[in-house]
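Subject: Structure handover

Hello,

Here is the structure you were due to receive. My notes on what I found follow it.

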Amino acid sequence: MKNTLPLISALSLFISGVSFADHRDESTSVFVTHEVNGESNISSAGAAFNFKQHDSNFGGAISMSLGRADIVTTKLNVEDYLAWELGGKIGYFSDVSLYLEAGVDLGELFGRGHLDEDSYHDHDHYYDDDDYYHDRYHDHDHDFGHNHYHRSDSLDAYVGIGGGIKLDRISINGQVRYRQIDSEDWEALDDVYSGVTVSFSF
């Protein structure tokens with residue numbers, strides 16, 4: 001699945017782009033989104049180009065967003081990074097919407113790094129006892145055995161399904177996404193995230 005998910009996402013984005021290139025009823029929107037799984041969360045803001053077939057509610061969207069991800073890893077610490085994503089949707093869009101979506105992490109194309117990489121790297125370590133955790137700091141100048149710069153051997157990506165309602169220019173959608181999130185040194189503990197997106201159309 002690790003090798004095929006980016007391919008599926010790229011193919012979905014290509015199909016959305018081809019549909020967008022045809023003559024459609026078009027609009028733009030801005031949005032904020034937040035998704036979680038346990039202690040892991042991703043919050044982003046972005047913009048989307050929306051399109052529908054003439055005299056039909058079938059269409060899609062191409063979106064780009066930038067935000068922050070705090071992900072609990074299989075090593076039970078928290079890795080944070082900038083989430084810069086390109087996404088696409090295809091489905092039914094009206095007062096009630098239902099759609100399929102896919103996306104990729106553009107940040108990995110340029111070598112993703114951590115938010116706090118300049119001097120210290122902050123790990124929040126979780127243990128079996130939910131009431132206990134501790135922070136551990138690494139000095140980048142002296143901790144030669146630990147590499148804090150991560151480049152994934154496979155591009156992070158997601159596929160998902162969503163739906164919601166539209167109230168005039170405001171849309172409120174819920175989504176469930178299967179995400180591949182990993183690097184050379186760590187892998188996300190969870191891969192299914194649920195969230196809410198609020199958008200405003202122009």
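**The core**

Nine residues make up the largest nonpolar core: Ile42, Ala69, Ile71, Tyr81, Ala83, Ile181, Trp186, Ala188 and Tyr193. Strand 3 and strand 4 each supply at least two residues of this core. Please keep in mind that this is a predicted model.

**Overall layout**

The protein has one helix and 10 strands. Read from the N terminus, the order of the elements is α-β-β-β-β-β-β-β-β-β-β. Of the 202 residues, 41% count as buried. Among the contacts with a separation of 6 or more, 60% are between residues 24 or more positions apart. The exposed area of the protein is about 11,100 Å², and carbon and sulfur atoms supply 58% of it.

**Strand 3 and its neighbours**

Strand 3 covers residues 58-72 and is mostly covered, with 11 of its 15 residues buried. Strand 2 (residues 40-52) runs antiparallel to strand 3, and 12 bridges join the two. One point on this pairing is alanine 47, whose bridge partner in strand 3 is methionine 64. The two strands form a hairpin with five residues between them, and aspartate 55 in the turn has a positive phi of about 60 degrees.

Strand 3 also pairs with strand 4 (residues 78-92), again in the antiparallel sense, over 15 bridges. Here isoleucine 62 stands opposite glycine 88 in strand 4. The hairpin of strand 3 and strand 4 has five residues between the strands, and leucine 76 takes a positive phi near 65 degrees.

**Salt bridges**

The structure holds six salt bridges. As background, side chains of opposite charge can pair when their charged atoms come close.

Arginine 68 forms a salt bridge with aspartate 70, with the closest N and O atoms 3.0 Å apart. Arginine 68 is partly exposed at a relative accessible area of 40%, whereas aspartate 70 is buried at 16%.

Where do the partners arginine 179 and glutamate 85 lie? Their salt bridge has its closest N and O atoms 2.7 Å apart. Arginine 179 is in strand 9 and glutamate 85 in strand 4, so the pair ties together parts that are 94 residues apart in sequence. Arginine 179 is buried, with a relative accessible area of 4%. Glutamate 85 also counts as buried, at 9% relative accessibility.

Glutamate 101 and arginine 177 meet through their side chains in a salt bridge of 2.8 Å, N to O. Glutamate 101 lies in strand 5 and arginine 177 in strand 9, so this pair ties together parts that are 76 residues apart in sequence. Glutamate 101 has a relative accessible area of 6% and is buried. Arginine 177 counts as buried because its relative accessibility is 8%, under the 20% limit for that class. Salt bridges that share partners join Glu35, Glu85, Glu101, Arg177 and Arg179 into one network.

**Nonpolar groups at the surface**

Which residues make the nonpolar surface patch of about 940 Å²? They are Val30, Val32, Val96, Ile165, Leu167, Ile170, Ile172, Val196, Val198, Phe200 and Phe202. The elements that give two or more residues to this patch are strand 1 (25-37), strand 8 (157-167), strand 9 (170-180) and strand 10 (192-201). Strand 10 gives the most, with three residues. Isoleucine 165 has its place in strand 8, and at 40% relative accessibility isoleucine 165 counts as partly exposed.

Is leucine 100 buried or exposed? Leucine 100 is found in strand 5 (residues 96-105) and is exposed, because its relative accessible area is 55% and the limit for exposed is over 50%. Not counting residues up to four places away in sequence, leucine 100 touches Gly88, Lys89, Ile90, Gly160 and Ile161. Lysine 89 is 11 residues from leucine 100 along the chain, and their C-alpha atoms are separated by 5.6 Å.

Regards

Conventions. Residues are numbered from 1 along each chain as its sequence is written. This is a predicted model: local features need pLDDT of at least 70, side-chain atom pairs count only at pLDDT 80 or more; totals for chains, interfaces and linings use all residues. Side-chain values use heavy atoms; hydrogens and water are left out. Patches are made of residues with over 30% relative accessible area and no salt bridge: like charges are joined within 9 Å, nonpolar side chains (Val, Leu, Ile, Met, Phe, Trp, Tyr) within 5 Å. Accessible areas come from the Shrake-Rupley method with a 1.4 Å probe; for residues, only the protein chains shown count as cover. A salt bridge is a side-chain nitrogen of Lys or Arg within 4 Å of a carboxyl oxygen of Asp or Glu. Helices (H or I, at least four residues) and strands (E, at least two) are DSSP runs, numbered from the N terminus. Buried means under 20% relative accessible area, exposed over 50%, partly exposed in between (1.4 Å probe, protein chains only). Two strands pair if DSSP finds at least two bridges between them. A nonpolar core is a set of buried Ala, Val, Leu, Ile, Met, Phe, Trp, Tyr and Cys residues joined through side-chain atoms within 4.5 Å. Contact means heavy atoms within 4.5 Å.
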